[in-house]
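The exercises below take the reader through one structure, each with a task and a solution worked out in steps. Please look at the sequence and the structure before you begin.

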Amino acid sequence: MSNPTYTVIFYLFAAITVCSAAFVVFTRNVIYSAFSLLFTFFGVAALYVFLSADFIAVTQVVVYVGGILVLLLFGVMFTNSIMQTGQKSEVTHIIPGTILLAGIIGALLYTFYTTHGWMPSETTLQGSIVERIGFETMSRYVLPFEMVSILLLAALIGAAFLARFDKSGK
Amino acid sequence: MEQLTTIGLNHYLTISAFLLGFGLFAVMTRKNAIVVLMGVELILNAANINFLAFSKYNGGMEGVMFALFVIVIAAAEAAIALAIVINIFKIFKSVDVSSIDSMKE
């Protein structure tokens with residue numbers, strides 16, 4: 001699709017996603033990282049809408065922004081004293097990390113842009129896929145769906161058990 | 001120019017490569033366990049973008065369903081990991097992953 005408005009909006013969301021992800025990684029303040037991650041998750045959700053996966057985009061906003069990010073912020077505020085101004089996190093292995101960052105991105109981009117073999121299907125996904133997700137969930141993927149729901153229940157019970165308030169002496 | 005203005009598979013793969021690189025960088029270089037977790041979330045998001053991009057241009061539903069399961073697993077992972085981090089903080093009084101060097105209280 002080469003509609004100019006579509007292209008501009010795509011690049012806007014791509015820039016938001018990549019820049020805020022870079023800020024998450026390169027800022028030293030943990031609170032700034034957590035709030036920057038919010039913009040990354042919203043940008044990724046917008047990219048999901050571009051990929052015509054609207055249901056996944058809504059799930060991303062609900063689960064990541066509403067659940068995981070709140071958990072992470074809770075973790076940040078629980079494990080750092082919030083009044084202390086200089087809550088910088090230490091950085092280690094900076095040189096191997098930078099080599100890994102440049103190497104991974106360079107190798108992947110080189111592979112993607114020198115591959116001429118992408119053959120997109122004639123029938124790409126178009127429009128809303130909510131109905132198709134419903135059919136797939138209740139037919140082909142019903143066993144993984146049930147398994148993942150039990151796994152999530154067990155994981156949440158386990159997390160509540162692990163993090164429970166422990167009275168001393170018991 | 002045609003490459004730049006027509007949004008195709010390569011654009012999504014590029015974004016996903018950047019997110020994967022940043023996530024790996026965070027996991028490797030940061031000492032704060034919470035920021036390491038944020039790096040893991042970035043890696044999972046990169047994988048999800050790839051799944052959905054290939055699913056869109058392939059026309060099948062496999063990538064979409066897999067992305068949905070990845071989101072559920074990420075939620076479970078974040079809950080468990082935060083519980084572990086809170087326990088580590090109770091015992092070691094810090095969440096610096098390089099100072100956690102014993103398995104007994």
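## Exercise 1: Two helices of chain A

Task: find which residues of α1(A) and α2(A) meet, and work out how the two helices run relative to each other.

Solution. In this predicted model, the residues of α1(A) that take part are A:F10, A:F13, A:I16, A:T17, A:S20, A:A21, A:F23 and A:V24, and they meet A:S33, A:S36, A:L37, A:F39, A:T40, A:G43, A:V44, A:A46, A:L47 and A:F50 of α2(A). Sorted by class, this contact holds twelve nonpolar and six polar residues, and no charged ones. The next step is the geometry: α1(A) and α2(A), the latter spanning residues 30-50, have axes 8 Å apart and pack at an angle of about 150 degrees. Angles over 145 degrees count as roughly antiparallel, and α1(A) and α2(A) are therefore roughly antiparallel to each other. Their crossing is left-handed.

## Exercise 2: A helix pair within chain B

Task: determine how α2(B) and α3(B) are oriented and what classes of residue make up their contact.

Solution. Begin with the axes, which come within 7 Å and cross at roughly 165 degrees. Because this angle is also over 145 degrees, α2(B) and α3(B) are roughly antiparallel to each other. As for handedness, α2(B) passes α3(B) in a left-handed crossing. The residues of this contact comprise 20 nonpolar and five polar, with no charged residue.

## Exercise 3: A helix pair across the two chains

Task: decide how α1(A) lies relative to α2(B), and name the residues through which they touch.

Solution. The axes of α1(A), which covers residues 4-26, and α2(B) come within 9 Å and cross at roughly 10 degrees. An angle under 35 degrees counts as roughly parallel, so α1(A) is roughly parallel to α2(B). On the side of α1(A) the contact is made by A:A14, A:T17, A:V18, A:A21, A:A22 and A:V25, while α2(B) contributes B:I15, B:F18, B:L19, B:F22, B:F25 and B:A26. Eleven of these residues are nonpolar and one is polar, with no charged residue.

## Exercise 4: The whole contact between the chains

Task: describe the side of chain B that touches chain A, by element and by residue class.

Solution. Taken as a whole, the contact draws 62 residues from chain B and 70 residues from chain A. On chain B, the elements that give two or more residues are α2 (9-29), α3 (33-58) and α4 (62-92). Of the elements, α4(B) gives the most, with 20 residues. By class, this side of chain B has 44 nonpolar, 13 polar and five charged residues.

## Exercise 5: The domains of chain A

Task: establish where the domains of chain A lie in the sequence and how many residues join them in contact.

Solution. The domain assignment gives domain 1 (1-82) and domain 2 (128-170). Their centres, taken over C-alpha atoms, are separated by 23 Å. Four residues of domain 1 are in contact with four residues of domain 2, and those on the domain 1 side divide into two nonpolar, one polar and one charged.

## Exercise 6: Confidence

Task: judge which element of chain B has the lowest mean pLDDT.

Solution. Chain B has a mean pLDDT of 89, and 98% of its residues reach 70 or more. Among its elements, helix α1 (residues 2-5) has the lowest mean, 72, and α3(B) the highest, 93. For the complex, the predictor gives an ipTM of 0.90 and a pTM of 0.90.

Key: Residues numbered from 1 in each chain as written. Chains lettered and ligands numbered in written order. Predicted model: local features only at pLDDT ≥ 70, side-chain atom pairs only at ≥ 80, totals over all residues. Contact = placed C-beta atoms within 7 Å. Helix = DSSP H or I, 4+ residues; strand = E, 2+ residues; numbered from the N terminus. Nonpolar A, V, L, I, M, F, W, Y, C, P; charged D, E, K, R; others polar. Axes fitted to C-alpha atoms, helices over the stretch in contact; angles between N-to-C directions. Parallel < 35°, antiparallel > 145°, perpendicular 65-115°, else oblique. Left-handed = near helix turned anticlockwise from the far one by under 90°. pLDDT = per-residue confidence, 0-100. Domains from an automatic or database assignment.
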